[in-house]
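Student: Could you walk me through the surface patches here, beginning with a single residue?

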Amino acid sequence: MKNEIKVKKVMELDEICTALEDLAKSIRAGKVCIENEKEYITLNPAEQISIEFKAAQKKGKDKQEKEKQKLIIEMKWRQIIPETEPISMFKISSEEPAMA
């Protein structure tokens, strides 16, 4: 099952900073919920996260067009599925157990 939500919008710099701060707080809390008007998705970040940063700049086609810049941040992790069977006791020692 693949659930996905995409949010793409133009925001003021202060709004972007607030959104990134909220993202950092949510990651620290272990739960990230992203929502728009119609739907939401909740993610549970793992202890180890793969992160990739990509930065690029492209000059305008002529003097009138401004330089285009972009920064992409991608994070990935795998959710560990808990064992369905209880883990049986395991012990190694030089002593035999006392059987009742």
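Tutor: Ile51 is partly exposed, because its relative accessible area is 44%, where buried means under 20%, exposed over 50% and partly exposed in between, with a 1.4 Å probe and protein chains only. Ile51 lies in strand 3.

Student: What kind of model is this, and how are residues numbered?

Tutor: This is a predicted model, in which local features need pLDDT of at least 70, side-chain atom pairs count only at pLDDT 80 or more, and totals for chains, interfaces and linings use all residues. Residues are numbered from 1 along each chain as its sequence is written, and side-chain values use heavy atoms, with hydrogens and water left out.

Student: What is the mean pLDDT of the protein chain?

Tutor: The mean is 86, and 87% of the residues reach 70 or more; pLDDT is the predictor's confidence in each residue, from 0 to 100.

Student: Back to the surface, which residues make the nonpolar patch?

Tutor: Ile51, Phe53, Leu71 and Ile73 make a nonpolar surface patch of about 420 Å², and strand 3 and strand 4 each supply at least two of its residues. Patch residues have over 30% relative accessible area and no salt bridge, with like charges joined within 9 Å and nonpolar side chains within 5 Å.

Student: And which residues form the positive one?

Tutor: Lys6, Lys8, Lys54, Lys58, Lys61, Lys68 and Lys70 form the positive patch, to which strand 3 (50-58) and strand 4 (68-76) give two or more residues each.

Student: Is Lys68 buried or exposed?

Tutor: Lys68 is exposed, since its relative accessible area is 59%, and its place is in strand 4.

Key
Accessible areas come from the Shrake-Rupley method with a 1.4 Å probe; for residues, only the protein chains shown count as cover. A salt bridge is a side-chain nitrogen of Lys or Arg within 4 Å of a carboxyl oxygen of Asp or Glu. Lys and Arg count as positive and Asp and Glu as negative; His and the chain ends are not counted. The place of a charge is taken as NZ of Lys, CZ of Arg, CG of Asp or CD of Glu. Helices (H or I, at least four residues) and strands (E, at least two) are DSSP runs, numbered from the N terminus.
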